[in-house]
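Here is a friendly walk through one protein chain, from its overall make-up to its cores, a helix pair and a sheet. Please keep the structure open beside the text as you read.

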Amino acid sequence: MRNVKLLWGIILVLAAAILVLTRMAMFDKANPRPASPVAEEKAVASIGGVQISSDRLTDALYKKYGTEMLDQILDREAVRLEAEQKGIHAGDEEIDQELTKMQQGYDSEEQFYQSMKDQVGLTKEELREDVHYKLLLEKIATASIVITEGEVQAYIKSHAEEFKNIIQFRIQQIISDTLEQANKTYELAQKEDFGQLARQRSLDTNTANEGGDLGWVEDNDPFIPAPIMKAVEMMKVGDISRPIKVDRGYAVIRLKDRKEQSKGTPAQIAESVRKQLALQQAPPLKDIVKSLRDKYNAIILDSTLASHPSSSK
């Protein structure tokens, strides 16, 4: 999962830079500059009495990101042309499903999109566009590959754990040294606020100030003591447990919330597996993109930006 997030992070950083260059180019086109001295150029910043012009900023961006950005623009255009020629589409429902997969590991959809905005500056709409091109490319790569229903079902059967729904719990805890103290905590928790009790009584300094909140944990979380996970699986939201023996003493826990995340309907799971198996048989996606750039005669006219093999045409 961390590798997936890192990969998407790299992709999105490049996409963000594309966006900056594109917007600046559109501004320049809509507002052409007449020939004039440097002093008359639009300044975007100043320091020590020296003005930094928009041209200087644009040139710096061009030199630093131009090659990578131009390559990605050409790649996208090649994918778009091929998809259009073959009648390949990626609809909103497919994009939504892919974004849902990307959100695994985040506490909420809002946290996911806020993280994308904070880390790479992409809005929800811009991220959807990135996913759209990814789905088109995958469909192009697997268009001629046939995966049978038998292969799909065999994979699902042999990887059953992979498709189980994800169950998460929001747990609060109060840790006590002795069973007597824990019993007292349990009695107080029946009539007092559990979070406030945790701040007053819990020996766990890592969670006490947070009202004993452990955050969202999955049902197989290896960092939560097994006795606590066993107890919480039998509890309803709002329930408070009797004292539970743990390594550090005794825990009284409260199930603050519970949620279950589905891996999809049987049809969605089957389609996801079909695509996964097809991609394993397909050529590397980077090779597909290279062949499409060759097919549509991609030519980079500025030699300082040439890095792709196809650009030498």
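Among contacts (heavy atoms within 4.5 Å) in the protein chain between residues at least 6 apart in sequence, 68% join residues at least 24 apart. The model is a predicted one, in which local features need pLDDT of at least 70 and side-chain atom pairs count only at pLDDT 80 or more, while totals for chains, interfaces and linings use all residues. Residues are numbered from 1 along each chain as its sequence is written, and side-chain values use heavy atoms, with hydrogens and water left out.

The protein chain has 11 helices and 6 strands; these are DSSP runs numbered from the N terminus, helices being H or I of at least four residues and strands E of at least two. Of its 313 residues, 38% count as buried, where buried means under 20% relative accessible area, exposed over 50% and partly exposed in between, with a 1.4 Å probe and protein chains only.

Let us turn to the cores. A nonpolar core is a set of buried Ala, Val, Leu, Ile, Met, Phe, Trp, Tyr and Cys residues joined through side-chain atoms within 4.5 Å. The largest one has 35 residues, and V79, L99, F112, L127, I140 and V273 have the most contacts inside it. Helices that each supply at least two of its residues include α2 (54–86), α3 (92–102), α10 (266–281) and α11 (285–295). The largest share, 8 residues, comes from α5. Looking beyond neighbours within four places in sequence, you will find L99 in contact with F112, Y113, L127, R128 and V131. A second, separate core of 15 residues includes I171, V232, I244 and L255.

Next comes a helix pair. The axes of α2 and α11 come within 9 Å and cross at roughly 80 degrees; axes are lines fitted to C-alpha atoms, for helices over the stretch in contact, and angles run from 0 to 180 degrees between N-to-C directions. The two helices, α2 and α11, are therefore roughly perpendicular to each other, a label for 65 to 115 degrees. On the α2 side, D71, L74, D75, A78, V79, E82 and Q85 meet V289, L292, R293 and K295 in α11.

Now for the sheet. Its 4 strands form an open sheet in the order β4-β3-β6-β5, with antiparallel pairing; two strands pair if DSSP finds at least two bridges between them. Because β4 (213–218) and β5 (244–246) stand at the edges with a single partner strand each, one side of each is left without a neighbour in the sheet. From one strand to the next, the twist averages 45 degrees.

Strand β3 (residues 166–176) is joined to β6 (residues 249–261) by 11 bridges, and to β4 by 4 bridges. Some residue pairs across these strands are listed here.

| Residue in β3 | Opposite residue | Strand |
|---|---|---|
| I167 | E260 | β6 |
| S176 | Y250 | β6 |
| R170 | W216 | β4 |

Helix α7 (residues 179–189) packs on the sheet and touches β3 and β6. Helix α8 (residues 194–201) lies across β3 and β6, at about 45 degrees to β3.

Is I174, in strand β3, buried or exposed? I174 counts as buried because its relative accessibility is 0%. Its strand is mostly covered, with 10 of the 11 residues of β3 buried. The contacts of I174, leaving aside neighbours within four places in sequence, include T185, F194, L197, Y250 and V252. Between the C-alpha atoms of I174 and Y250, 76 residues apart along the chain, the separation is 8.2 Å.

Definitions and conventions:
Parallel < 35°, antiparallel > 145°, perpendicular 65-115°, else oblique.
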